[in-house]
Structures are given as structure tokens and as C-alpha cells.
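Colleague: Could you take me through one part of this model up close, and then show me what lies around the next part you come to? I work at the bench, so plain words are welcome.

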Amino acid sequence: MDVPRASESKDYLQQHKIMELFDNLTAQLVFNRPDNPKEFMANYIQTLKESRTANMNFPCIFDETNIGSVFGMLDPTKKGFITFAQYKEAMVTMGCVRYDTSPPGAEQDCISQDTFTREVKDSLSRASATFQPQ
Amino acid sequence: MDATKKPLRIPPQFGVYAEKHNLFEMFRKLIEDLLIHKPGDPLEFLQEQLKRDDNDVPAIIIHGPTASGKTTISKMVCSSLRTAYISADNLLADDVSATAAEAKKHLQNNQPIPTDLWVKMIQARLQLYDCVKKGWVLDGFPETREQALALQAVGITAKHYVVLEAPDTVLIERQMGKRIDPQTKEIYHTTFDFPTNPDVESRLVEPPEGCSETSTGERLMKWHRFSKGLERCYEKYSKFVNADQPKADIFAQVLTFLKSKPRSLAPHTPRVILLGPTGSGKGVQAALLASKYNLVNVSSGQLVKEAVANESKMGEAMKPYVERGMLVPDNQMVKLLDERLSQVDCTSRGWVLRGFPRTREQAENLSSCGHEANRVFFLDVPNDSVYERLTLRSLDVVTGQRYHSLYNPPRTVEIKDRGLQQPKDAEEEVRQRLSAFYAYAEEIADFCEDAQHVNADQDPHTVFECIESMLVNPTPKKLDLDE
């Protein structure tokens, strides 16, 4: 696309993370299937706006219990640790794109539940923050 | 989230949900608005757009060369759909706006009005309440491709573009008879459309642009110069109507066009229900649809027979009914269909259902299970054709070939003598089945508001083409007409 207006539009989309925003909106709709989608989407955007100003509490489909259960599945014997390879696979499964590739415990190949939970939460909130960083 | 890394498993009910709420079109419109206006705060902008009411209001442009009847038809459409009427003249006549005054100054200096002034005037007019709530009809504007593109750049697009065409000679003659009532600005014609009121008749004057052949010829040349460029702008939703017909005919054609929705890029899994009396060709059409569009052909009768043959739990429950030749009770039927339609092949490829629902209650039960069809077709065929089609059928028991005395007669007398008729095809039986169908046909038609009727009294491939076109095009919308 060589037209200047087309590249302007592409830049605009990237800068404001519009496609990620619509991805998240669609995910919420698939999960919840509300009877009034427009109202639901407007409310979601409201939560997003508030979290933007407060810089916390980003809306996200996964919550702590989900992360806990994923960890539990990876660690059935309840050692309290998972291997580095498992950690990377879990990140990919949860859809985390930018995560810490060398978290504490990576050398020993034992990553604790706390570290895991923290990394997942950070990465997911980065994914949900679909707006231009203030 | 990279789509290739994580396999997306979306529940099939989401497909039905997304179609019902038209999510694809909604998202497309939101992103389109975002890219046109590029707000600094997209979240705020999106919220506002979402809070606005569903705007499926008419947005029509009616165009054509001079004397084609644009204003007449536009006014008829406006009064019928109760939309706002906008034309170049009434934009300029606006006394309040500063842009209109500026535009008039250009006219006084005999210069063409610059495009951006036009765009500003139209934008301002379209923001007004009546246009937003009830839609608008634009008469004879934009005149050039440059103006059309400028309008599109700010996000003003029509949903329907009607062009009234007629040969030049017809138009020149028509223009000579054109008369205007100066008070009401209504257009009349000395031959075709004379006013009934004698007062109006006495007031009539020739239009300001003149009726002479040369002036009309000049205006026609201007139209021909710009029309092709304009057509390219509005290709996807334009319709060319022959203006050399009576007013009422043109209006009827325009209205049918206005009921059509543009084809959308939204993913579409066809879920078709074919309804019709026995002998209307449901089986044939279902087989053709299934083979061409890779849909699953679901026949309720067939499913019951399969269940009984498989001796499954449901089959055992249905066996007594089948043995006695009675219809299986509703709840069992619905359960059987629910199970079949929820299987992965049906939900992903789509399905064609025939022979069900037969009553309104069955239809309601089926949709409450979550299996709503997005196309319902009634195959209409007169009773005589049904008798003709069914009672003349015969089967050659030796070769297994099926014949029909009229459409596919057996080759030799020997084969004809060997042929047997199905007891099902006897006239009495057919009559009973027909009356059973028509008893409930009306209430099902009431329930399925989007049902479309197909004339099934033709050969199978013509009927199939008709069904195909209705399948592929979006269902026509119901216009809120003011009769």
C-alpha cells in the first residue's frame, strides 16, 4: 500500500494498539456472549479507561485462580517448582508475548509458583493495556 | 497473540451469536470510523460510537441526467420512508449558515463552488437531528468524482446509489414539457404529470434552467462527462433504473433495490431450512445445495429411519410410532435433531434441513435449542403441479430406474408395463399430506419473519439458481414504509 493515507492509517492503528484492543474485545464477547453487545463493549472500554488512569487493574480474562490451576496442571506432584521448559510453554499457552526470559530460578531450572504468577500477571496486563502509553 | 501458535477453539454457538448481533459489520464500521477521524483518544471515541443508537437509517443518492425524474422520485422516496430530503438547491438556500453565504458569493461571481465548501455544507446538514435519526436522500449530488471522493474522505457514504437512465432524445423531449409550481416547488409535466388542481395549473412556469433543446443538450453532455467517474465510486451498491417508464414503475423498482443490503465480507455459515408441501422439490434442492456448497444434508425423515435402524436408545423409543405410520412426537424429534445439528461437521460446514419444522411449536423448540437457521425458504408450488409430479412417478423394479410419465418417460412399452407406483404417491395420500402441510404453513410463516418464497413450479435448475441467489445475497431488510 503506497498511498500516504494508507500508511498513516497503519501507523495510527499500531500506535494506539487498535487491533489488540479489538482482539481483547472479541475475546470478551466470545467468553461472555452478552445479550447487549454494544453496552457490554462500552462498559469494557470504561474499565479500560479507568485502569489507564489508575495504571492498575487492567481487565483480563484470566485471573489468579486460572493462573494457579495452570501451575497446578504443570506441577502435578506439587513440588512447588516447574522446569524452565515448562515455564516457556506455559507462557505461550497463556498468550503472553513479552515475558521475562530469565526469571529468578532459571539457572537451577526450578521456577516457583510465585515467580510464575507474577510473570504471567505482568505480561497479561501488558497485553490488556491496549492504549497508547500515557 | 499469534494465531499460528495457539489453536483457537471457539465454541460454535459464538458463530450464531455473532451473526445474530452482526458483530462483523459493527467492528468494521467502528474501525472505519476510527481510521477516518483518527481521534486522539480512541477509547473515548469508541465509547461514544457504541452508545449511539443503531444507525441503520437510509442513506440514498438518486442521480441521473437532467429530466430523468430525480427530484420526483427522490421526493416520493422521502415521503414513503420519511427521510430528510437534501439537494444542491436547498443546501444553498439555507440562510443561516455562513458556508452557504460564501458559496452563493461564488455563484454570483459565476465561479464553480469549491469542493470543500460543498463538503462542509453537507456535513453540517447531515449532523442535524432529522438526518441522523431518519436518514437522508441526496438528489443529484455529488456531480463530479472529485466531490464524491471528498465526501467519502470525511466518512459520508451512501448505502444505495440509484441512477435513472434514459436515452438522450427521450430526455430532451421530456424537458420541453417540464413545468414548476413556483410556490410549492413541485415538478409537473405538460403531458405525463399534469396537476389536477386548476389553481396550480395557472401558476405553472417553465423551470429556471430553461426548456430549450440546446440548454438540455449541454446539461446532458455535462452528465455524460462525469457519470462514469461517479459510477466507479459507488459501484458496489448502485442500481441503474430505466427512467423511460411510468413513475410508479420506477418507484417500485427503486424501493425493491432499497430493501437490499450490501454484501458483506462477514464469514457466513449457511443454515438453511427448506419448507414446502410434498412434491415441491425439497429433496432435490437440498441435495443440490449440499453438493455445491458443501453443506450437510439433514432430512428429518431420514434421521428417524437411521435411528430406528441403528436400534439406538432414541430409535427404540421412536420405533412404535414409525411402525404405525404416525409422526414421531415433538420432543423426541427435537432431541434427535439437536444431537445431529450439534455435531462438528454441521456446525462448521453449515446444514440444510428439510421436513422440519412442521408446526410453530416445533420451530420454537428448535430455535430454543440454539439452532437458528439464517435462511428459510418456502418452496411454493400449486397443488395441480404437485399431483402431476407425484402421481405420475413410477419405478422399474428390474433396473431400479425411476421414471416420470411426463418429464422422464420410460423408453419402451415393456418397461412401462413393468413399472410400479409407490403407494405413497397415490392421489389420496398426496391430498392428505398437502392438507397437513397447509394447515400449519401460515403460522410457521409468521414465526420465521425472514422467510423467503421461491417459485418451485419450474424445472429444478431454475429453482436452484433462484435459491442460490437468495442464499448468497443478504436477506432483504424490511423497510418501514409509510403507505
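Modeller: Happy to! Let's begin with a pair of rings. In this predicted model, A:F22 is buried, and B:F27 is buried too. A search through the whole structure turns up five aromatic pairs over all chains. One of them is formed by A:F22 and B:F27: their ring centres are 5.1 Å apart and their planes stand at 75 degrees, so this pair is edge-to-face. A:F22 sits in helix α2 (residues 18-32) of chain A, while B:F27 sits in helix α2 (residues 23-37) of chain B, so the pair joins two chains.

Another pair, B:W118 with B:F141, is tilted, with 4.7 Å from centre to centre and 45 degrees between the planes. Here the rings link distant parts of the chain, 23 residues apart: B:W118 belongs to helix α7 (residues 115-127) of chain B, and B:F141 to the loop between β3 (136-139) and α9 (145-153) of chain B. Buried means under 20% relative accessible area, so B:W118, at 8%, counts as buried. B:F141 has a relative accessibility of 1% and is buried as well. There is also a cluster, in which ring pairs link B:Y161, B:Y234 and B:Y237.

Now for the next part, a sheet in chain B. Five strands make up this open sheet, in the order β9-β10-β8-β11-β14, and their pairing is parallel. At its edges are β9 (296-299) and β14 (452-455) of chain B, each of which pairs on one side only. On average, and ignoring direction, neighbouring strands of the sheet are turned by 25 degrees against each other.

Let's follow β10 through its partners. Strand β8 (residues 271-275) and strand β10 (residues 351-354), both of chain B, pair in the parallel sense over four bridges, and B:I273 stands opposite B:L353 of β10(B). The pairing of β9(B) with β10(B) is also parallel, again over four bridges. There, B:V298 is the residue that stands opposite B:L353 in β10(B).

Both β9 and β10 of chain B help to cover the buried residues of helix α17(B). That helix runs over residues 330-341 of chain B, which makes 12 residues, and spans 16 Å from first C-alpha to last, close to the 16 Å expected at 1.5 Å a residue. Its buried residues are B:M333, B:V334, B:L336, B:L337, B:R340 and B:L341. Looking down the axis of α17(B), you find these buried residues within an arc of 160 degrees, so they line one face of the helix. B:N331 and B:K335, on the other side of α17(B), are exposed. Besides the two strands, the cover over the buried residues includes α15 (300-310), α16 (313-323), α18 (344-349) and α19 (360-368) of chain B.

One residue of that cover is worth a look of its own. B:S300 is found in helix α15 of chain B and, with a relative accessibility of 4%, counts as buried. Leaving out residues up to four places away in sequence, B:S300 touches B:M333, B:R354, B:G355 and B:F356. B:M333 brings us back to α17(B), since this methionine is among the buried residues of that helix.

Terms used:
Residues are numbered from 1 along each chain as its sequence is written. Chains are lettered from A and ligands numbered from 1 in the order in which they are written. This is a predicted model: local features need pLDDT of at least 70, side-chain atom pairs count only at pLDDT 80 or more; totals for chains, interfaces and linings use all residues. Side-chain values use heavy atoms; hydrogens and water are left out. Two strands pair if DSSP finds at least two bridges between them. Axes are lines fitted to C-alpha atoms, for helices over the stretch in contact, and angles run from 0 to 180 degrees between N-to-C directions. The expected span of a helix is 1.5 Å times one less than its number of residues. Buried means under 20% relative accessible area, exposed over 50%, partly exposed in between (1.4 Å probe, protein chains only). The arc is that of the directions from the helix axis to the C-beta atoms. Contact means heavy atoms within 4.5 Å. Rings of Phe, Tyr and Trp (its six-membered ring) pair if their centres lie within 6.5 Å; planes under 30 degrees apart count as stacked, over 60 as edge-to-face and the rest as tilted.
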